[in-house]
Amino acid sequence: MAKKKLSYSEAMAEVESIIARMRSGELAIDELSSATRRATELIEQCRKELTAAEEDVEKLINPNS
Amino acid sequence: MDTLPIDIPTGSREHLTLLDLQRLVRSTLEGRFVAPLWISAEISELKVNRSGHCYLNLVEKGSGEGAPRAEARAVIWKSAYARLAESFSIATGDKLRAGISILCRVMVTYHEVYGFSLQILDVDPTFTIGEVERRRRETISRLQSDGIWDMNREVELSTPTLRIAILSSGTAAGYRDFIEELRRSPYRFRTTLFEALMQGDAAEQSIVTALEDIASREQEFDVVAIIRGGGSTSDLALFDSYRLASYVAQFPLPVFAGIGHDKDVSVVDMVAHSSCKTPTAVATLLVELADNQMATLDGYALQLRDTLKTHIATERLRIERGEGELLRAATVLLNDLRYGLNNTEEALTKELRQRFDREHRRLDSASELIDSYSPANILRLGFAVVRGQRGVVAGSNDTRVGDMIVVELTDGSIEAEVKRIDKL
């Protein structure tokens, strides 16, 4: 089943949750890899969304540029 | 003239016949009054018979209204009557009639059958004029003491004065002249005739009745015109009567009198709002009045126009000034708004950029953290993952001596056998 696409803030919340779990050492070495992957994917998604939003806003502020 | 040598009987049984007595009275009177003499008296009755002789009853009243203190029959023979009546009328403006006082030259006569009588040979109109004038002054004085003398003259004319109640005889030439004069004017006068007798004994009551009719329709009229023209001058005394003058003085509408006379002004003329000598002159006055009222209205219209023009010009100026002020205020306001908007826009842009920067830093920071926890990076630092037959060997209890284990390194793996376990 395809995972529901998270919003920016949901994605960031999940990343921060993963980081917190990593810091606490509760993740096993096996889980660490998949958690890293998940976090990396989410960060990438956030970057894309942030960049898109940034471009949209730039266009709104400076429509002629 | 017979003079009878009749002696008045003195004995107790002697007597005269009635005729003898009458003859004796006649002879005595004629012997005493041999020449005509002047007497003053009031006419209480006057009748002219078919043959043209005028028969009168003369009285002298006391101070009250009771029975006369003296009374006598009198006659003016036809031969004298026409002349006397005409000269009296010309001189006094009145006629020989019941109710007036006269000074007359009389001959005392006595007739055996008809008795005592006076034959009037002459009448002195100046006495009657004086008498009329005295009564007239009395009327004026009474009207003044009643406080109504000025009342009608103080009634305000309505504007325009076009609805006229006419009090006149419908057949009088003066009435026709009046109507014709109004018709020639450019104004649309509305006239209503209230017919009344303007001469004769019944005239006073007839005029009063007509005035009462007009008063009952007061709202329909602006003015009353009392018109009398073309008749004889003998009835003018009517317009000196207290009753008529009192009605006119107190009338609620302004009364214009045109009662047609050339000499004295009647009391009605004096108490009326306005008076003229002829009906035509009254009509002319009404037309002039309308002229003046129209001119006044035209003046008002001009004033109104000028006032409006000034007002409009002032308002236009105010609007223009207001427009300028509004424009200036709007410009200032717009500049302020634009300035504020620019500031806001800058602030927004700045905020957005800061926000984006923060988010980027947040992501970078998260990414770095994640990287630092990534197994690949940890292995690259020289750490290794040891896997046994039961999974990752995280502690010394997870394996035993002799077990085969795989050591995963950053760039490969090593298969090894556990030779010894040292616990910390």
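Start with helix 4 and helix 8 of chain B: helix 4 passes helix 8 in a right-handed crossing. The model on screen is predicted. Select residues 173–184 for helix 4 of chain B; its axis and that of helix 8 of chain B come within 8 Å and cross at roughly 25°. Angles under 35 degrees count as roughly parallel, and the two helices are therefore roughly parallel to each other. To see the contact, show side chains on both helices. Helix 4 of chain B contributes Gly174(B), Tyr175(B), Asp177(B), Phe178(B), Glu181(B) and Leu182(B). From helix 8 of chain B come Pro279(B), Thr280(B), Val282(B), Ala283(B), Thr284(B), Leu286(B) and Val287(B).

Now show the whole of chain B. Nine helices and 14 strands make up its list of elements. Of its 424 residues, 23% are buried. Among the contacts in chain B with a separation of 6 or more, 63% are between residues 24 or more positions apart.

Next, select residues 242–249 of chain B, which form helix 6. Six of these eight residues are buried, so helix 6 of chain B is largely enclosed by the rest of the structure. The buried ones are Leu244(B), Ala245(B), Ser246(B), Tyr247(B), Val248(B) and Ala249(B). Add the neighbours: the cover over these buried residues includes helix 3, helix 5 (203–216), strand 9 (255–258) and helix 7 (267–271) of chain B.

From helix 3 of chain B (125–145), follow the chain into the loop that leads to strand 6 (163–168), and stop at Pro160(B). The peptide bond between Thr159(B) and Pro160(B) is cis, with omega about -5°. Most peptide bonds are trans.

Switch to chain A. Chain A has two helices and zero strands, and 17% of its 65 residues are buried. Select helix 1 of chain A, residues 8–24. At 1.5 Å a residue, its 17 residues should span 24 Å, and its end C-alpha atoms are 24 Å apart, which agrees.

Colour helix 1 of chain A by burial. Ala11(A), Met12(A), Val15(A), Ile18(A) and Met22(A) are its buried residues. Seen down the axis of helix 1 of chain A, these residues fall within an arc of 120°, so they line one face of the helix. An α-helix has 3.6 residues a turn, so residues three or four places apart point the same way. Rotate to the face turned away from the buried side: exposed there are Ser9(A), Ser17(A), Ala20(A), Arg23(A) and Ser24(A).

What covers the buried residues of helix 1 of chain A? The cover includes helix 2 (29–61) of chain A together with helix 8 (279–373) of chain B. Past the end of helix 1 of chain A comes Gly25(A), with a positive phi near 75°.

Show both chains for the interface. Chain A puts 17 residues into the contact and chain B puts in 15 residues. On the side of chain A that touches chain B, helix 1 and helix 2 of chain A each supply at least two residues. Helix 2 of chain A gives the largest share of that side, 14 residues.

The last stop is Lys48(A), in helix 2 of chain A. Is Lys48(A) buried or exposed? Lys48(A) has 11 other C-beta atoms within 10 Å, and is therefore exposed, the cut-off being 12 or fewer. Select Tyr8(A) as well: Lys48(A) and Tyr8(A) are 40 residues apart in sequence, and their C-alpha atoms are 9.8 Å apart in space.

Conventions. Residues numbered from 1 in each chain as written. Chains lettered and ligands numbered in written order. Predicted model: local features only at pLDDT ≥ 70, side-chain atom pairs only at ≥ 80, totals over all residues. Helix = DSSP H or I, 4+ residues; strand = E, 2+ residues; numbered from the N terminus. Buried ≥ 20, exposed ≤ 12 C-beta atoms within 10 Å, placed from the backbone. Contact = placed C-beta atoms within 7 Å. Expected span 1.5 Å × (residues − 1). Arc of directions from axis to C-beta. Axes fitted to C-alpha atoms, helices over the stretch in contact; angles between N-to-C directions. Parallel < 35°, antiparallel > 145°, perpendicular 65-115°, else oblique. Left-handed = near helix turned anticlockwise from the far one by under 90°.
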